[in-house]
Amino acid sequence: QRGIATDFQPLPSLSPTGAHHPMLRTVRHLLFPDLSSYGAEPGMGLLDPDPAEHARELLAAAKPHHRRAVELALCDLYGRRAEAIVRLPRGVERALAHRLLHDPRDLPLLLNFIQCGLWLAFSLTLQLTLLPRDGGLSARAVGLFVVHVVVTWAILGQRFILGMHFAAHRTLISPRVPGAALLNALPQLVLANFWGMPAGMYYLHHVVMHHASNNLFSWDLSGTNSYRRDSPLALLHYIANFALHTFLYLPYYAVVKRRFGLAGFALGSTGAYFAAFHALHAYHPAAFWISLGFSSVLGPVALMAGNFGQHQFINPADPADNYGLTVNLVKAPFNMLTFNDGYHIVHHLNSVCHWSEMPLQFIKNLDKYEKHDALVFHSLDYNEMSALIYTRQLRKLASYCVQLRAEPRTTDQLVALFEERLQPLPQAGAPLDLPKKSIFGLQQLLWLGLYAGGMPSAIFPALMVPVFAALSLVEA
């Protein structure tokens, strides 16, 4: 694709081959946003109503060796957002933005939750009405399953998960709105279950544990520092560790950190989660497996594969440095679907930075990124970056690196830097002591007991127990 012109003249839309029809272009943009057209919609609450003038100012202020980084980040700052598929009349959107939301810029986030809720209600209604309660595998059940998975995961998956992520960090519904606390909790308490995230656990896991412990295992259960991060086997061990041990470890972590209210809430929501799973499976097995059972397996795998990719590169000189424990991915189409999730360094530096401001914060602080030798890539998402790492295509990955130094590294030097930042760093975190090992062992016994006691959805973690043991021996 062409880059932004020197004086930032917004580019015409480039129609991909085979997608010249307006409807086809629209559908394609929902899955693969086209970053060749620019211009934020003021009605969507984004930053600057005059992107060309603002961009010229930012380019003029940039150092010569930072100019390319600025040009790329401007694509994300002023790209055509694609998170909200469902749009409402402009007057309704304006009223929602200014009367319901804590920050009017979060209108795309609210519309995203509305579209996810509408889809889940529609899909679940179809399952409960069209599939018999005592029916087995049938063509109709398979058809509904395929449609549900495609829409829920392929189309809405990234949109919901990253929308919920940012709503966990910042208040969405204004406190002045009656029932705001409940409305703000709905994504994590209700909707999250349909993407494999148990009710009420995400805030404790992500905000309280992951950001506070800053990716350092063993306090951060999702920490990546102790793994060889170019190894697919290490990724499997990482996923199995999280899938097996989350439910008991998170309340334990909250107690140790003296967050007793959160610990009690986590235990209570976990009990409700398992009770609801058991009740829905008993009432309608097909609807359970289509809507919740499959996602309870896919969700942890997808979430942890994504988190592993976000924290695949770690600077051994300072593993706790936010500039060195993750990367930024700029001018990446997935940013238009995920509220700029590619700006992960920005997010760890300031977890309450508004998603629409992240590219701008990156641009304004390029000197710090250069000083800390941060890694920045363009045109890739985390899965694509990880695939190049696992297949040992580091030279190809180097071609996507956005260099911030006045004297750029050679390809060989970049490859050496990548290899250095993929090495395991177990000494950087806390040791896995006896209390934590006891929690892990108790959780494994619980999964085996739940499956033996007749809970079908426990089959995946129960099967993961011997797999985790085998992978632990290999990794050791």
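User: Why is arginine 421 called buried?

Analyst: In this predicted model, arginine 421 has a relative accessible area of 3%, and buried means a value under 20%, so arginine 421 meets the cut-off and is called buried. Arginine 421 is placed in the loop between helix H18 (411-420) and helix H19 (434-452). Leaving aside neighbours within four places in sequence, the residues in contact with arginine 421 include Arg229, Phe313, Asn315, Asp373 and Leu375.

User: What makes alanine 469 partly exposed rather than buried or exposed?

Analyst: The relative accessible area of alanine 469 is 42%, and partly exposed is the class between the cut-offs of 20% and 50%, so alanine 469 is given that middle class. Alanine 469 belongs to helix H20, which covers residues 459-475. From alanine 469 to isoleucine 173 there are 296 residues in sequence and 44 Å in space, taken from C-alpha to C-alpha.

User: How do you know whether H10 is roughly parallel or antiparallel to H11?

Analyst: The axes of helix H10 (residues 232-256) and helix H11 (residues 260-283) cross at roughly 165 degrees and come within 7 Å of each other. Angles over 145 degrees count as roughly antiparallel, and therefore H10 is described as roughly antiparallel to H11. The crossing in which H10 passes H11 is left-handed.

User: Which residues of H10 and H11 meet, and how many of the residues in that contact are nonpolar, polar or charged?

Analyst: From H10 come Phe247, Pro251, Ala254 and Val255, and they meet residues of H11 that include Phe260, Leu262, Ala266, Thr270, Tyr273 and Phe274. Sorted by class, this contact has eleven nonpolar residues, one polar residue and no charged residues.

User: Which residues of the largest nonpolar core touch the most other members?

Analyst: That core has 104 residues, and those touching the most other members are Leu74, Phe160, Trp195, Met197 and Phe362. H10 gives the most to this core, with 15 residues. Methionine 197, not counting residues up to four places away in sequence, touches Phe160, Ile161, Met164, Ala192, Tyr202 and Leu303. Another core, of 21 residues, lies apart from it and has Val327, Leu397, Val415 and Leu422 among its members. As general background, nonpolar side chains tend to be buried together in soluble globular proteins.

User: What makes the phi of asparagine 340 worth pointing out?

Analyst: Most residues other than glycine have a negative phi. Asparagine 340 is not a glycine, yet its phi is positive, at about 60 degrees. Arginine 392, also a residue other than glycine, has a positive phi near 60 degrees.

User: How do you know which of asparagine 340 and arginine 392 is buried and which is exposed?

Analyst: Asparagine 340, in the loop between strand E1 (327-330) and helix H13 (344-349), has a relative accessible area of 1%, which is under 20%, so asparagine 340 is buried. Arginine 392, in the loop between helix H16 (382-390) and helix H17 (394-398), has a value of 55%, which is over 50%, so arginine 392 is exposed.

User: Where does serine 222 lie, and why does it count as buried?

Analyst: Serine 222 is in the loop between H9 and H10, and because its relative accessibility is 1%, under the limit of 20%, serine 222 counts as buried. Beyond four places in sequence, serine 222 touches residues including His205, Met209, Tyr238 and Asn307. Serine 218 lies in the loop between helix H9 (202-213) and H10, and the peptide bond joining phenylalanine 217 and serine 218 is cis, with omega at about 20 degrees.

Methods:
Residues are numbered from 1 along each chain as its sequence is written. This is a predicted model: local features need pLDDT of at least 70, side-chain atom pairs count only at pLDDT 80 or more; totals for chains, interfaces and linings use all residues. Side-chain values use heavy atoms; hydrogens and water are left out. Helices (H or I, at least four residues) and strands (E, at least two) are DSSP runs, numbered from the N terminus. Buried means under 20% relative accessible area, exposed over 50%, partly exposed in between (1.4 Å probe, protein chains only). Contact means heavy atoms within 4.5 Å. Axes are lines fitted to C-alpha atoms, for helices over the stretch in contact, and angles run from 0 to 180 degrees between N-to-C directions. Angles under 35 degrees count as roughly parallel, over 145 as roughly antiparallel, 65 to 115 as roughly perpendicular and the rest as oblique. A crossing is left-handed if the near helix is turned anticlockwise from the far one by less than a right angle, and right-handed if clockwise. Ala, Val, Leu, Ile, Met, Phe, Trp, Tyr, Cys and Pro count as nonpolar, Asp, Glu, Lys and Arg as charged, and the others, Gly among them, as polar. A nonpolar core is a set of buried Ala, Val, Leu, Ile, Met, Phe, Trp, Tyr and Cys residues joined through side-chain atoms within 4.5 Å.
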